[in-house]
Amino acid sequence: MVTKEIIKRGQAAQAGGRLVEAADSFRQVLRIDPAHQSATRSLLTIAKQLRESAATPQAAVNSQIENERRKYEQVWKSDEYRQFSPGLRGAELVELVDFFRTHGVRSILDAGCGSGQLMRQLITEYGREFDVHGFDISANCLDPWFDDVRDEVLTVGCLWNLADYGRSYDGIICTDVMEHIPTDRVPETLDNLRRCTQNAGYFGIALFPDGYGQKLLGEPLHLTVKEPAWWISELQRARYTVLRALAENAPDGQPLWLHALVTVPA
């Protein structure tokens, strides 16, 4: 069977220390057979191996992650920061539910879910269609609505650290997130999200400097402010197929948002 051949290839890569290659093989098996236990166990083992493979450069990475975590734990203490949900607005604008239906998406990772307003809508209105899970760098991001199910629906981790993901999903949502990523971590983040995505995804990326960071922390939150062409190039470099890209501008012509609907290669 084809899955047995892919499993053997993944196991050989894992034994040889080529963990990313091995993970790609096991995810390929899960695209064919989402319930394949051996592939699932192997992915979890690789995640553990990646966590335990700390080297000297990793100390600097961990320090950067901790700095970002502390920053957003402070930010999410502000009720004002929770008022607007770009994800809710963007999902309606690009007709995300229909897009996911078209591309066979059942399980969804909301990567950088924040307060969880879009997750809440998907759970309450489309709970029979989608299995939705959140991922964020701060443990206090979700709104009180999630208090009883927080541990079930939220993974706390860093998007540029592949070991934090743990599993793959049919689809990803990543809104008001990528511009918050340090520029030198953008390639890793996009690569990780692609590796954990089996079918399709939606990116909503702000194209403007933020005001909340200076107001709440005295430093910007939007660390990577780029034009739409730069982001599309990064998505393509990470081997996403960009099916639709919509750039929004303010009435004065200033760039506001890039909305990109993507698929991933089989």
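In the predicted model, E95 is placed in the loop that lies between helix 5 (86-93) and helix 6 (96-102). The phi angle of E95 is near 55 degrees, a positive value in a residue other than glycine, and E95 counts as exposed because its relative accessibility is 52%, where the cut-off for that class is over 50%. Most residues other than glycine have a negative phi. A further positive phi, of about 70 degrees, is found at R239, which is likewise not a glycine. R239 is situated in the loop between helix 11 and strand 6 and, with a relative accessible area of 45%, is classed as partly exposed.

Helix 5, which precedes the loop holding E95, packs against helix 7 (residues 117-126), the axes of the two coming within 7 Å and crossing at roughly 55 degrees; helix 5 is therefore oblique to helix 7. On the side of helix 5 the residues involved are G87, L88 and A91, which meet Q117, L118 and Q121 in helix 7. Sorted by class, the contact of helix 5 with helix 7 comprises three nonpolar residues, three polar residues and no charged residues.

A second helix pair is formed by helix 9 (residues 186-195) and helix 11 (residues 228-237), whose axes come within 9 Å and cross at roughly 50 degrees, so that helix 9 is oblique to helix 11. The crossing in which helix 9 passes helix 11 is right-handed. Helix 9 contributes V186, P187, L190 and D191 to the contact, while helix 11 contributes W230, W231, E234, L235 and R237. In terms of class, six nonpolar and three charged residues make up the contact of helix 9 with helix 11, and no polar residue takes part.

The strands considered here belong to an open sheet of seven strands with mixed pairing, arranged in the order 3-2-1-4-5-7-6. Strand 3 (154-156) and strand 6 (241-249) are the edge strands, each of them pairing on one side only. Direction ignored, neighbouring strands of this sheet are turned against each other by 15 degrees on average. Within the sheet, strand 1 (residues 107-111) runs parallel to strand 4 (residues 169-175), and the two are joined by three bridges; L109 has I172 of strand 4 as its bridge partner. Strand 6, one of the edge strands, also bounds the loop in which R239 is found, helix 11 being the other boundary of that loop.

Two further glutamates can be described by their surroundings. E68 is found in helix 4 (residues 56-75) and counts as buried because its relative accessibility is 6%, the cut-off for buried being under 20%. When residues up to four places away in sequence are not counted, E68 touches I137, W160, H180 and L223. E219, by comparison, lies in the loop between helix 10 (212-216) and helix 11, and its relative accessibility of 34% means that E219 counts as partly exposed. Leaving aside neighbours within four places in sequence, the contacts of E219 are with K71, G213 and Q214. Between E219 and F26 the separation is 193 residues in sequence and 41 Å in space, taken from C-alpha to C-alpha.

Technical notes
Residues numbered from 1 in each chain as written. Predicted model: local features only at pLDDT ≥ 70, side-chain atom pairs only at ≥ 80, totals over all residues. Heavy atoms only, no water. Axes fitted to C-alpha atoms, helices over the stretch in contact; angles between N-to-C directions. Helix = DSSP H or I, 4+ residues; strand = E, 2+ residues; numbered from the N terminus. Parallel < 35°, antiparallel > 145°, perpendicular 65-115°, else oblique. Left-handed = near helix turned anticlockwise from the far one by under 90°. Contact = heavy atoms within 4.5 Å. Nonpolar A, V, L, I, M, F, W, Y, C, P; charged D, E, K, R; others polar. Pairing = 2+ DSSP bridges. Buried < 20%, exposed > 50% of the residue type's maximum accessible area, 1.4 Å probe, protein only.
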